[in-house]
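The following exercises practise the reading of helix packing, strand pairing and chain contacts. Please study the structure before attempting each task, and then compare your reasoning with the worked solution.

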Amino acid sequence: MIRTRGRRLPAARAYGVAAAFLVAAALASALVGAADLNPLDTLTALLDKIPFVHLPSGLSQLDRAVLFQIRLPRIVLGALVGGLLSVAGAGYQGVFRNPLVDSGMLGASAGAGLGATLAIVYLGSAGTAAVPVAAFAGSLAGVAIAYLSGAVGGSGTATLLLAGVAVGLFLTAVQTYVLQRSTQDLQQVYSWLLGSLSGATWQQAAEILPYSVVSVAVVLLHGRHLDVLSVGDEEARSLGLHPGRTRLIVVAACALAAASAVAVSGLIGFVGIVVPHVVRRLAGPSYRLVLPLSLLTGAGFLILADTLARTVVSPAELPIGVVTALVGSPVFVWILRSTAAVRT
Amino acid sequence: MSAIAIDDLAVDLDRVQILHAVSCSVPSGGWLALIGPNGAGKTTLLRAVAGLLPHRGSIRIDHTDLGQLRGRGRARLIAYVPQIPVLPPDLTVEEYVLLGRTPHLGYLGSPGRSDRAKAADASRRLDVTRFARRRLGSLSGGERQRVRLARALAQEPRVLLLDEPTSDLDLGHQQQVLELVDDLRRSQGVTVVCTLHDLTQASQYAGHLVLLHEGKVEAAGAPAAVLTEDLIARVYAARVTVSADASGHPVVTPVRERPPAATRSAVPRPPGGRLPGG
């Protein structure tokens, strides 16, 4: 049978753990890297930025530049991307009542991949600058096509997911076709596909911030609705909810979140599926908790993954998508096994 | 005053007409049991009253046409417990019962202290407080049914719709659940409409029966008027006798005309011989 009591963390403690994880990940990332910054001076330089706190720091002008213009924007961007992907994954999982759904589903990743490929292949030197916009637009277009193809009449969530798979395969086929006709762009496209935060700037973070705030806010505000949806469409309707409308709103917000992340980072898999699961294991299935905790934990997880990506084979970098999968999968399996509900 | 008045109701599912010109009513605080063979349209009628199916004709709840009620407004009047409700296995009983407060919350609202108090009160009435923190996946059949009723009660409805509330329960738990529903009806003035397969239970608990057959009302009224041997034989193609229990409710007993085969196999087989008449 099944264990009778979930060993859940109380909500307040779960928030504490997730927030501490995020802060620890950010600090660790700020202190580690190719340039050897003095840890104490780095900390005082960071604390000095807090309003009304004035601390002398021994960091040189160059070290300050490394910290504030290279590491910090990368940490902030990583946190944004990780949080966005995790919230989008959790939101999709709630909407589709399916724990295997990821932020790249519904044609989102395939659309972004096609958009980026088209920009790199056909826009020449202007292409690199256009990749974020093209990926963003492609991701949203992929979801829109999948949604319009799948949401016919009163059809259920399975139809929508299957339409997403079909649209994804179609877009990937187009991308492959475009790519095999211009193999000289292969490496550039491929390195984009594997995801990276190298070259992160404050400007990138500022560009996706408005989309991030809006999309995350909308998804978080629908946590309770996703809990109601978990009892099925018919019972949700008998409780006064409009399942179709809720699904449309949450899917649109999740698509915007995932597209914002993809635009600045390329395709980073695994985060959107692993993080919400870890959170569920610790805090239970209610989306009113799972969504905000996924935001914090996903941000911390991606900062850590990116820190590994830029340090393990330093001065070269690993694609962050490779790190999230290489590190994430064993951790995920370990968590699954160590907290598994013992079912027969 | 009738809480529910159904007039000339017709429902199509997948272009097949399931209900034809169904009319019936229940007084406020009454208990109506929908009976009839499999496929007669009982669940369809219940779902139509729950506002989950498009229909022709009229369904009025407390003099308001169902078609004029939307979403939360309807859900504040009517609670619906399907035959096989979805119970997310990792949700706790407490969280699940609290979902019953959904129709009373604003779009972006979240359950407050009074909502929690009402959910706790519903849990107390159905005696599920003891296992409030257990996961739904760990409950027994009887516990699950009580938890479903607690969620419906937390909704504070005027009308409670129950689809086969006693299916997959043993006899004792069946009676326990029906008594609980009757208590709720008496103490809260809730009007109950349910589908039931057990005709004797229908006669013992519901004051009004509607016998559906092939999507039409075959008979309606007090149990004694509906549960007749002839009618049951015709509609169910079943052989029964109808007697009365101590309080005068019809008791429907299945009858087997031929002697059952089991009694023959119980006769010791003669050594080396054939069974007589075998």
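## Overview of chain B

The secondary structure of chain B comprises 10 helices and 12 strands. The model is a predicted one. Along its principal axes, the C-alpha trace of chain B extends over about 80 × 45 × 40 Å. Of the 278 residues in chain B, 40% are buried. Among contacts in chain B with a separation of 6 or more, 64% are between residues 24 or more positions apart.

## Exercise 1. A sheet in chain B

Task: Determine the strand order of the open sheet of 6 strands in chain B, and state which strands are its edge strands.

Solution.

Step 1. The order of the open sheet is β6-β7-β8-β3-β9-β10 in chain B, and its pairing is mixed.

Step 2. An edge strand pairs on one side only, and this applies to β6 (78-81) and β10 of chain B.

Step 3. From one strand to the next, the twist averages 15°.

Step 4. Helix α1 (residues 42-49) of chain B packs on this sheet and touches β3, β7 (159-163), β8 (191-195) and β9 of chain B. The direction of this helix makes about 150° with that of β8(B).

## Exercise 2. The surroundings of strand β9 of chain B

Task: Describe how strand β9 (residues 208-213) of chain B is covered, and how β9(B) pairs with strand β3 (residues 31-35) and with strand β10 (residues 216-221) of chain B.

Solution.

Step 1. Strand β9(B) is mostly covered, since 5 of its 6 residues are buried.

Step 2. Strands of a sheet pair through backbone hydrogen bonds, in either a parallel or an antiparallel sense. Strand β3(B) runs parallel to β9(B), and 4 bridges join the two. Opposite Leu209(B) in β9(B) stands Ala33(B).

Step 3. With β10(B), strand β9(B) pairs in the antiparallel sense over 5 bridges. Here Leu211(B) has Ala219(B) in β10(B) as its bridge partner.

Step 4. Strands β9(B) and β10(B) form a hairpin, with 2 residues between them. In the turn, Glu214(B) has a positive phi of about 50°.

## Exercise 3. Three helix pairs in chain A

Task: Classify the packing of α1(A) with α13(A), of α12(A) with α13(A), and of α1(A) with α3(A).

Solution. Two packed helices are described by the angle between their axes and the distance between the axes.

Step 1. Helix α1 (residues 11-31) and helix α13 (residues 287-311) of chain A pack at about 20°, with their axes 8 Å apart. An angle under 35 degrees counts as roughly parallel, so α1(A) is roughly parallel to α13(A). Their crossing is left-handed. The residues in this contact comprise 16 nonpolar, 4 polar and no charged. Among them are Tyr15(A), Phe21(A) and Leu22(A) in α1(A), and Leu293(A), Leu296(A) and Ile303(A) in α13(A).

Step 2. For helix α12 (residues 271-283) of chain A and α13(A), the angle is about 125° and the axes are 9 Å apart. The two helices α12(A) and α13(A) are therefore oblique to each other. The crossing of α12(A) and α13(A) is right-handed. Residues making the contact include Val271(A), Val275(A) and Arg280(A) of α12(A), together with Val290(A), Phe301(A) and Leu302(A) of α13(A). By class, the contact of α12(A) with α13(A) has 11 nonpolar, 3 polar and 1 charged residues.

Step 3. Helix α1(A) and helix α3 (residues 61-95) of chain A pack at about 150°, with their axes 10 Å apart. Angles over 145 degrees count as roughly antiparallel, and α1(A) and α3(A) are therefore roughly antiparallel to each other. The crossing of α1(A) and α3(A) is right-handed. In this contact, Ala26(A), Ser29(A) and Ala30(A) of α1(A) meet Leu67(A), Arg71(A), Leu72(A), Ile75(A) and Ala79(A) of α3(A). The contact of α1(A) with α3(A) has 6 nonpolar, 1 polar and 1 charged residues.

## Exercise 4. Contact between the chains

Task: State how many residues of chain B are in contact with chain A, and which helix of chain B gives the most to that side.

Solution.

Step 1. In chain B, 24 residues are in contact with 22 residues of chain A.

Step 2. Helix α2 (residues 71-77) of chain B gives the most to the side of chain B that touches chain A, namely 4 residues.

Step 3. By class, this side of chain B has 12 nonpolar, 5 polar and 7 charged residues.

How values were computed. Residues are numbered from 1 along each chain as its sequence is written. Chains are lettered from A and ligands numbered from 1 in the order in which they are written. This is a predicted model: local features need pLDDT of at least 70, side-chain atom pairs count only at pLDDT 80 or more; totals for chains, interfaces and linings use all residues. Two residues are in contact if their C-beta atoms, placed from the backbone, lie within 7 Å. Ala, Val, Leu, Ile, Met, Phe, Trp, Tyr, Cys and Pro count as nonpolar, Asp, Glu, Lys and Arg as charged, and the others, Gly among them, as polar. Axes are lines fitted to C-alpha atoms, for helices over the stretch in contact, and angles run from 0 to 180 degrees between N-to-C directions. Angles under 35 degrees count as roughly parallel, over 145 as roughly antiparallel, 65 to 115 as roughly perpendicular and the rest as oblique. A crossing is left-handed if the near helix is turned anticlockwise from the far one by less than a right angle, and right-handed if clockwise. A residue is buried if 20 or more other C-beta atoms lie within 10 Å of its own, exposed if 12 or fewer, and partly exposed in between; C-beta atoms are placed from the backbone. Two strands pair if DSSP finds at least two bridges between them.
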